[in-house]
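Reader: I would like a close look at the cysteines and the nonpolar packing in this chain, with enough of the surroundings to place them. Please keep to what can be computed from the coordinates.

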Amino acid sequence: ELISQHSKPGDLWILPEAYDTGWNIKADDVQLPEPANNEFFTRLSAKHHIAICGSYYEKLPEGGYSNTFRVVSADSGLNDACAKRHLFGNFEKSSVKPGNTMLTFTIGEFRLRAVICYDLRFPVWCRNIKDSPYDALLCVSQWPMSRAGDRNLMLAARSMENVAYAISANALGGSAVYQADGTRDFLMEAGQEIGFYNLDSNILANFRRHKKYLMDADYFEVRM
């Protein structure tokens with residue numbers, strides 16, 4: 001309903017981590033098969049001419065579960081996914097398989113890297129690398145407000161070290177956008193259902209012209 005009321009063609013709508021079940025669940029709670037979420041995203045994207053993304057738990061054919069991030073843009077043919085790499089909590093540690101693929105995708109003129117909640121704590125996994133560069137780090141999460149200070153510090157750090165926007169879509173409040181200099185430029189207030197923010201490629205390009213930190217970044221490989 002909110003998408004129907006507020007969407008504009010070309011928008012990227014970001015749903016948080018585990019948008020349909022919440023995070024603190026048991027294996028029996030994971031009832032939706034993966035195609036249902038995929039088809040749901042595709043249907044909304046096609047109807048409203050938007051891109052849509054978020055994460056959900058899915059049952060894997062070989063057994064176990066995945067915390068899957070998916071992004072769909074019916075107009076551009078984009079339909080891609082990755083899985084949460086760093087698992088957290090009893091359910092994920094016991095039943096969920098970690099991802100082993102980084103996902104960078106393009107919406108309009110922006111390249112975005114997807115990470116899920118606890119992944120944010122691991123700067124190597126979030127690194128803006130030459131083989132897969134990005135303009136915005138996108139973190140969907142179920143981060144408790146009792147640890148909001150940690151999340152805010154890490155979002156600022158990830159934006160500064162990667163010279164990129166850092167976007168947080170958090171189901172439990174405090175969704176935010178940080179600019180490449182580490183300053184917070186947007187914050188959703190408590191109880192606010194949706195928020196809107198326009199990424200500015202000119203601001204980012206101008207900052208990168210003057211702050212060439214990525215040119216001095218170390219090259220490395222992540223081994224799974």
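Author: What follows starts with the chain as a whole, turns to the core and the cysteines, and ends with two loops and a strand.

The model is predicted. The chain contains five helices and 10 strands. Its C-alpha atoms fit in a box of roughly 50 × 40 × 35 Å along the principal axes. The radius of gyration is 17 Å, which agrees with the value near 17 Å for a compact globule of 224 residues. Of those 224 residues, 46% count as buried. Among contacts between residues at least 6 apart in sequence, 59% join residues at least 24 apart. The chain exposes about 11,600 Å², and carbon and sulfur atoms supply 51% of that area.

In soluble globular proteins, nonpolar side chains tend to be buried together. Here the largest nonpolar core has 41 residues, and those with the most contacts inside it are F69, V71, F105, L112, L120 and L138. F69 can serve as an example of the packing. Leaving out residues up to four places away in sequence, F69 touches C53, G54, S55, D80, A81, C82, L103, F105, A114, I116, L138 and V140. A second, separate core has nine residues, including W13, L15, L44 and I52.

Now to the cysteines. The structure holds zero disulfides. For C126, the nearest cysteine sulfur is that of C139, 7.3 Å away, and C126 is in no disulfide. A disulfide here requires two cysteine sulfur atoms within 2.5 Å, so a separation beyond that cut-off does not count. C126 is buried, with a relative accessible area of 0%. C139 is likewise in no disulfide; the nearest cysteine sulfur to C139 is that of C117, at 6.1 Å. C139 counts as buried because its relative accessibility is 1%.

C117 also deserves a note on its backbone. C117 is found in the loop between strand 6 (110-116) and strand 7 (136-141), and at 11% relative accessibility C117 counts as buried. The phi of C117 is near 45°, a positive value in a residue other than glycine. Most residues other than glycine have a negative phi. A18 is another residue with a positive phi, near 45°. A18 sits in the loop between strand 1 and helix 2 (34-48), and A18 is buried, with a relative accessible area of 0%.

The last region joins a strand residue to a loop residue. S73 lies in strand 3, which covers residues 65-73, and S73 counts as buried at 9% relative accessibility. The side chains of S73 and S76 are joined by a polar contact of 3.1 Å. Not counting residues up to four places away in sequence, S73 touches S45, I50, A51 and L78. G10 is placed in the loop between helix 1 (2-6) and strand 1 (12-14). G10 is exposed, with a relative accessible area of 57%. G10 and S73 are 63 residues apart in sequence, and their C-alpha atoms are 9.0 Å apart in space. Beyond its neighbours within four places in sequence, G10 is in contact with H49 and I50. I50 is thus named among the contacts of S73 and among those of G10.

Definitions and conventions: Residues numbered from 1 in each chain as written. Predicted model: local features only at pLDDT ≥ 70, side-chain atom pairs only at ≥ 80, totals over all residues. Heavy atoms only, no water. Core = buried A, V, L, I, M, F, W, Y, C linked by side-chain atoms within 4.5 Å. Buried < 20%, exposed > 50% of the residue type's maximum accessible area, 1.4 Å probe, protein only. Contact = heavy atoms within 4.5 Å. Helix = DSSP H or I, 4+ residues; strand = E, 2+ residues; numbered from the N terminus. Rg over C-alpha atoms; globule rule 2.2 N^0.38 Å. Areas by Shrake-Rupley, 256 points an atom, 1.4 Å probe, with all protein chains shown as cover. Polar contact = N/O pair within 3.5 Å; in protein donor to acceptor, adjacent residues only side chain to side chain.
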